[in-house]
Amino acid sequence: MNPSAALDEPLLATLVDHFYEKVRRDPDIGPIFNAAVDDWDEHKRLLTSFWASVALRAGSYRGNPMAAHRPHPIQARHFDRWLELWQETCGEELDEANAAQMLDYAQRIGRSLKFGLGLHPEGHAFGVPVVGVGR
């Protein structure tokens, strides 16, 4: 844990770097990320920008997380594993208050992405019928 360090972009860059090194090696989610990411250095810069926009209100991120995740074979359990690794890394890199805040952000983002991708906890599409079509 980094005791009482102010949350800033360099600290977020370190957090993102250490987190994605774990992700790359993870047997469950590593294969999905490794197939999707061509340039890890660029991906880490993009995600540092994302987290700086979330946590610091930097406004530097330009992207669409939902669209970025949609084409990949992601299941709800993958988000759960992602969150486990995120929580572990936040605990290693941040003080307790910043780790808790970053975990809260990640939990909300994960829920939003799961919902947007139509995943429920077992990892299957919701299968919501279209009501009123053809009736």
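Which residues have the most contacts inside the largest nonpolar core? They are Tyr20, Trp51, Trp82, Trp86, Leu94 and Met102, within a core of 29 residues. Helix 1 (9-25), helix 3 (40-55), helix 5 (76-93) and helix 6 (96-116) each contribute at least two residues to this core. Apart from it lies another core, made of seven residues, including Ile32, Ile74, Ala76 and Leu113. Please keep in mind throughout that this is a predicted model.

**The overall fold**

Let us step back to the whole chain. The secondary structure comes to six helices and zero strands, so the order of elements from the N terminus is written α-α-α-α-α-α. The protein chain has 135 residues, and buried ones make up 40% of them. If you take the contacts between residues at least 6 apart in sequence, 72% join residues at least 24 apart.

**Tyr20 and the largest pocket**

Tyr20 is a good place to begin a closer look. It is one of the residues with the most contacts inside the largest nonpolar core. Leaving aside neighbours within four places in sequence, Tyr20 is in contact with Phe33, Trp40, His43, Lys44, Leu47 and Trp82.

Tyr20 also turns up at the largest pocket, which has a volume of about 540 Å³. Of the 23 residues in the lining, the closest to the pocket centre are Tyr20, Phe33, His43, Ala68 and His69. Two of these names, Phe33 and His43, are also among the contacts of Tyr20.

Which elements supply the lining of the largest pocket with at least two residues each? Helix 2 (30-36), helix 3, helix 4 (65-69), helix 5 and helix 6 do so. Helix 3 gives the largest share, with five residues. By residue class, the lining divides into 18 nonpolar, five polar and no charged residues.

**Two residues around the smaller core**

Ile74, which belongs to the core of seven residues, lies in the loop between helix 4 and helix 5. Is Ile74 buried or exposed? Its relative accessible area is 15%, and because buried means under 20%, Ile74 counts as buried. Beyond its neighbours within four places in sequence, Ile74 is in contact with Ile32, His69, Phe79 and Leu119. Among these, Ile32 is also a member of the core of seven residues, and His69 is one of the residues closest to the centre of the largest pocket.

His78 is found in helix 5. It is buried, with a relative accessible area of 7%. The side chains of His78 and Arg77 are joined by a polar contact of 3.4 Å. Setting aside neighbours within four places in sequence, His78 is in contact with Asp28, Ile29, Ile32 and Pro73. Ile32 therefore appears in the contact lists of both His78 and Ile74, each of which is buried.

**Buried polar residues elsewhere**

Asp26 is found in the loop between helix 1 and helix 2. With 7% relative accessibility, Asp26 counts as buried. Not counting residues up to four places away in sequence, Asp26 touches Pro31, Arg81 and Leu85.

Ser49 lies in helix 3 and counts as buried at 12% relative accessibility. The side chain of Ser49 reaches the backbone nitrogen of Tyr61 at 3.2 Å. Beyond residues up to four places away in sequence, Ser49 touches Ser60 and Tyr61.

**Pairs distant in sequence**

The table sets out three pairs by their separation along the chain and in space.

| Pair | Apart in sequence | C-alpha to C-alpha distance |
|---|---|---|
| Ile74 and Leu117 | 43 residues | 8.9 Å |
| Gly118 and Arg70 | 48 residues | 10.0 Å |
| Asp26 and Trp82 | 56 residues | 9.5 Å |

Gly118 sits in the segment after helix 6 and is buried, with a relative accessible area of 15%.

**A backbone angle to look at**

Where is Arg57 placed? It is in the loop between helix 3 and helix 4. Most residues other than glycine have a negative phi. Arg57, although not a glycine, has a positive phi of about 60°. At 62% relative accessibility, Arg57 counts as exposed, because the cut-off for exposed is over 50%.

How values were computed:
Residues numbered from 1 in each chain as written. Predicted model: local features only at pLDDT ≥ 70, side-chain atom pairs only at ≥ 80, totals over all residues. Heavy atoms only, no water. Core = buried A, V, L, I, M, F, W, Y, C linked by side-chain atoms within 4.5 Å. Buried < 20%, exposed > 50% of the residue type's maximum accessible area, 1.4 Å probe, protein only. Helix = DSSP H or I, 4+ residues; strand = E, 2+ residues; numbered from the N terminus. Contact = heavy atoms within 4.5 Å. 1 Å grid on protein atoms, 1.4 Å probe; cavity = no way out; pocket = protein on both sides within 12 Å on 5 of 7 lines; lining within 4 Å. Points joined across faces, edges and corners; volume = space filled by probe spheres on them. Nonpolar A, V, L, I, M, F, W, Y, C, P; charged D, E, K, R; others polar. Polar contact = N/O pair within 3.5 Å; in protein donor to acceptor, adjacent residues only side chain to side chain.
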